[in-house]
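Reader: I should be grateful for a close look at a single part of this structure, namely its aromatic ring pairs. Please treat the geometry and the surroundings of the rings together.

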Amino acid sequence: MSVQAVFSLLPARRWLVGLLWCLLLPAWAGALPPAEGPVVLRVSGLIGNTNSPGVAEFDQAMLEALPRHEFTTHTPWTRGEHHYRGLLVRDLLALVQAGGRQVRITALNDFHANLPVALAERFPVLLATHQDGIRMRVRDKGPLWLLLPLKDVPELDTKQYHEVMVWQINRMEVY
(Lines give C-alpha, C1' and ligand atoms only; values in the text may rest on other atoms or scores of the structure.)
Protein backbone atom coordinates (compact mmCIF):
# COMPACT_ATOMS: atom_id res chain seq x y z
CA MET A 1 0.00 0.00 0.00
CA SER A 2 1.39 3.41 -0.88
CA VAL A 3 2.07 6.12 1.68
CA GLN A 4 -0.63 8.24 0.03
CA ALA A 5 -3.15 5.41 0.34
CA VAL A 6 -2.32 4.91 4.01
CA PHE A 7 -2.71 8.58 4.80
CA SER A 8 -6.01 8.77 2.92
CA LEU A 9 -7.39 6.39 5.56
CA LEU A 10 -6.47 8.72 8.41
CA PRO A 11 -8.45 11.75 9.61
CA ALA A 12 -7.08 15.07 8.29
CA ARG A 13 -5.06 15.90 11.41
CA ARG A 14 -3.46 12.47 11.53
CA TRP A 15 -2.81 12.60 7.80
CA LEU A 16 -0.81 15.78 8.33
CA VAL A 17 1.09 14.26 11.26
CA GLY A 18 1.83 11.18 9.14
CA LEU A 19 3.07 13.26 6.24
CA LEU A 20 5.36 15.20 8.56
CA TRP A 21 6.67 11.94 10.03
CA CYS A 22 7.62 10.66 6.58
CA LEU A 23 9.24 13.92 5.56
CA LEU A 24 11.08 14.58 8.79
CA LEU A 25 11.88 11.05 9.93
CA PRO A 26 15.39 10.99 8.42
CA ALA A 27 16.13 14.47 9.75
CA TRP A 28 15.33 13.75 13.41
CA ALA A 29 18.47 13.27 15.40
CA GLY A 30 17.47 12.21 18.89
CA ALA A 31 14.12 13.91 19.37
CA LEU A 32 10.83 12.17 18.68
CA PRO A 33 7.70 14.27 19.03
CA PRO A 34 5.86 13.63 22.28
CA ALA A 35 2.91 11.26 22.32
CA GLU A 36 -0.34 13.25 22.31
CA GLY A 37 -2.72 10.38 23.02
CA PRO A 38 -2.54 7.45 25.43
CA VAL A 39 0.84 5.71 25.17
CA VAL A 40 0.42 2.21 23.71
CA LEU A 41 4.11 1.31 23.30
CA ARG A 42 7.25 2.18 25.26
CA VAL A 43 10.66 1.34 23.79
CA SER A 44 13.65 1.52 26.15
CA GLY A 45 17.16 0.17 26.57
CA LEU A 46 19.96 0.74 24.07
CA ILE A 47 18.23 3.42 22.02
CA GLY A 48 19.40 6.85 20.93
CA ASN A 49 16.16 8.54 19.91
CA THR A 50 13.69 9.26 22.73
CA ASN A 51 10.85 11.59 23.60
CA SER A 52 10.81 10.96 27.36
CA PRO A 53 13.77 10.38 29.69
CA GLY A 54 15.41 7.18 28.41
CA VAL A 55 12.26 6.01 26.61
CA ALA A 56 10.56 6.36 23.24
CA GLU A 57 6.81 6.55 23.84
CA PHE A 58 4.32 6.01 21.02
CA ASP A 59 0.60 6.66 20.89
CA GLN A 60 -1.60 4.93 18.33
CA ALA A 61 -1.46 7.86 15.89
CA MET A 62 2.35 7.89 15.92
CA LEU A 63 2.47 4.16 15.17
CA GLU A 64 -0.17 4.49 12.44
CA ALA A 65 1.86 7.26 10.80
CA LEU A 66 4.91 5.04 10.33
CA PRO A 67 5.32 3.17 7.03
CA ARG A 68 2.83 0.33 6.83
CA HIS A 69 3.46 -3.25 5.85
CA GLU A 70 1.06 -6.15 5.47
CA PHE A 71 0.90 -9.84 4.78
CA THR A 72 -1.48 -12.77 4.94
CA THR A 73 -0.55 -15.70 7.14
CA HIS A 74 -1.78 -18.35 9.52
CA THR A 75 -0.85 -18.65 13.19
CA PRO A 76 -1.10 -21.46 15.72
CA TRP A 77 -3.74 -19.40 17.60
CA THR A 78 -6.15 -18.53 14.78
CA ARG A 79 -8.24 -20.53 12.33
CA GLY A 80 -7.17 -20.27 8.72
CA GLU A 81 -5.28 -17.37 7.20
CA HIS A 82 -5.80 -13.73 8.09
CA HIS A 83 -4.54 -10.48 6.63
CA TYR A 84 -2.41 -8.41 9.02
CA ARG A 85 -1.29 -4.79 8.71
CA GLY A 86 1.10 -2.83 10.89
CA LEU A 87 4.66 -1.60 11.03
CA LEU A 88 7.90 -3.49 10.66
CA VAL A 89 9.97 -4.00 13.80
CA ARG A 90 13.10 -3.06 11.85
CA ASP A 91 11.57 0.33 10.93
CA LEU A 92 10.70 1.00 14.57
CA LEU A 93 14.19 -0.03 15.70
CA ALA A 94 15.76 2.25 13.10
CA LEU A 95 13.57 5.14 14.24
CA VAL A 96 14.61 4.79 17.87
CA GLN A 97 18.24 4.21 16.81
CA ALA A 98 18.45 0.83 18.51
CA GLY A 99 21.94 -0.42 19.23
CA GLY A 100 21.40 -3.85 20.75
CA ARG A 101 21.27 -7.42 19.49
CA GLN A 102 18.06 -8.51 21.24
CA VAL A 103 14.67 -6.99 21.94
CA ARG A 104 12.63 -8.10 24.92
CA ILE A 105 9.00 -7.95 23.80
CA THR A 106 6.62 -7.63 26.78
CA ALA A 107 2.85 -7.96 26.91
CA LEU A 108 0.30 -6.26 29.14
CA ASN A 109 0.32 -9.31 31.46
CA ASP A 110 4.16 -9.18 31.68
CA PHE A 111 4.62 -12.27 29.46
CA HIS A 112 7.77 -11.68 27.43
CA ALA A 113 9.98 -13.19 24.77
CA ASN A 114 13.28 -12.20 23.23
CA LEU A 115 13.49 -11.31 19.56
CA PRO A 116 16.91 -11.31 17.91
CA VAL A 117 17.43 -8.03 16.04
CA ALA A 118 19.01 -10.07 13.22
CA LEU A 119 15.67 -11.87 12.71
CA ALA A 120 13.84 -8.55 12.42
CA GLU A 121 16.41 -7.32 9.92
CA ARG A 122 16.25 -10.47 7.78
CA PHE A 123 12.46 -11.01 7.68
CA PRO A 124 9.41 -8.72 7.68
CA VAL A 125 8.63 -9.07 11.39
CA LEU A 126 5.39 -7.19 11.86
CA LEU A 127 3.96 -5.30 14.80
CA ALA A 128 0.41 -5.86 13.65
CA THR A 129 -2.23 -3.26 14.50
CA HIS A 130 -4.98 -4.60 12.22
CA GLN A 131 -6.37 -8.05 11.43
CA ASP A 132 -8.54 -8.37 8.32
CA GLY A 133 -8.82 -4.57 8.13
CA ILE A 134 -10.02 -4.12 11.73
CA ARG A 135 -7.88 -2.49 14.42
CA MET A 136 -7.05 -5.13 17.00
CA ARG A 137 -8.34 -4.52 20.51
CA VAL A 138 -6.82 -6.00 23.66
CA ARG A 139 -9.35 -8.84 23.57
CA ASP A 140 -8.27 -9.56 19.96
CA LYS A 141 -4.56 -9.83 20.80
CA GLY A 142 -4.03 -6.09 20.26
CA PRO A 143 -3.18 -3.32 20.33
CA LEU A 144 0.08 -4.79 18.97
CA TRP A 145 0.84 -8.38 18.02
CA LEU A 146 4.29 -9.42 16.83
CA LEU A 147 3.81 -11.65 13.79
CA LEU A 148 6.14 -13.57 11.51
CA PRO A 149 5.30 -14.33 7.86
CA LEU A 150 4.75 -18.04 8.51
CA LYS A 151 2.97 -18.61 5.19
CA ASP A 152 5.70 -16.94 3.10
CA VAL A 153 8.67 -18.27 5.10
CA PRO A 154 7.79 -21.85 6.18
CA GLU A 155 11.08 -22.31 8.06
CA LEU A 156 9.75 -19.79 10.62
CA ASP A 157 6.73 -21.99 11.32
CA THR A 158 8.31 -23.78 14.30
CA LYS A 159 7.76 -23.74 18.06
CA GLN A 160 11.00 -21.76 18.50
CA TYR A 161 9.67 -18.87 16.40
CA HIS A 162 6.08 -19.18 17.60
CA GLU A 163 7.37 -18.29 21.07
CA VAL A 164 8.40 -14.79 19.95
CA MET A 165 4.96 -13.99 18.53
CA VAL A 166 3.82 -12.06 21.61
CA TRP A 167 0.43 -10.34 21.58
CA GLN A 168 -0.95 -7.44 23.62
CA ILE A 169 2.49 -5.83 23.43
CA ASN A 170 3.06 -2.64 25.40
CA ARG A 171 6.84 -2.59 25.97
CA MET A 172 10.04 -3.34 24.12
CA GLU A 173 13.53 -3.22 25.62
CA VAL A 174 16.57 -3.24 23.36
CA TYR A 175 19.71 -4.81 24.85
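Author: What follows is an account of one group of aromatic rings and of the charge beside them.

The model is predicted. It holds four aromatic pairs. One of these is formed by Trp-77 and Trp-167, whose rings meet edge-to-face, at 5.2 Å centre to centre and with 75° between the planes. This pair links distant parts of the chain, 90 residues apart: Trp-77 belongs to the loop between strand S3 (69–74) and strand S4 (81–88), while Trp-167 belongs to the loop between helix H6 (159–162) and strand S10 (169–174).

Trp-77 has a relative accessible area of 36% and is therefore partly exposed. Trp-167, at 28% relative accessibility, also counts as partly exposed, because the range for that class begins where buried, under 20%, ends.

Trp-167 has a further partner in Trp-145. Their ring centres lie 5.8 Å apart with the planes at 85°, so this pair is edge-to-face. Because Trp-145 lies in strand S9 (residues 145–147) and Trp-167 in the loop between H6 and S10, the contact ties together parts that are 22 residues apart in sequence. Trp-145 is buried, its relative accessible area being 0%.

Taken as a group, Trp-77, Tyr-84, Trp-145 and Trp-167 are linked into a cluster by ring pairs. A charge accompanies two of these rings: the charged end of Lys-141 sits over the ring of Trp-167, 4.5 Å from its centre, and the charged end of Lys-141 also sits over the ring of Trp-145, at 5.8 Å from the centre of that ring.

Definitions and conventions: Residues numbered from 1 in each chain as written. Predicted model: local features only at pLDDT ≥ 70, side-chain atom pairs only at ≥ 80, totals over all residues. Heavy atoms only, no water. Phe/Tyr/Trp six-rings, centres within 6.5 Å; stacked < 30°, edge-to-face > 60°. Helix = DSSP H or I, 4+ residues; strand = E, 2+ residues; numbered from the N terminus. Buried < 20%, exposed > 50% of the residue type's maximum accessible area, 1.4 Å probe, protein only. Lys NZ or Arg CZ within 6 Å of the ring centre and 35° of its normal.
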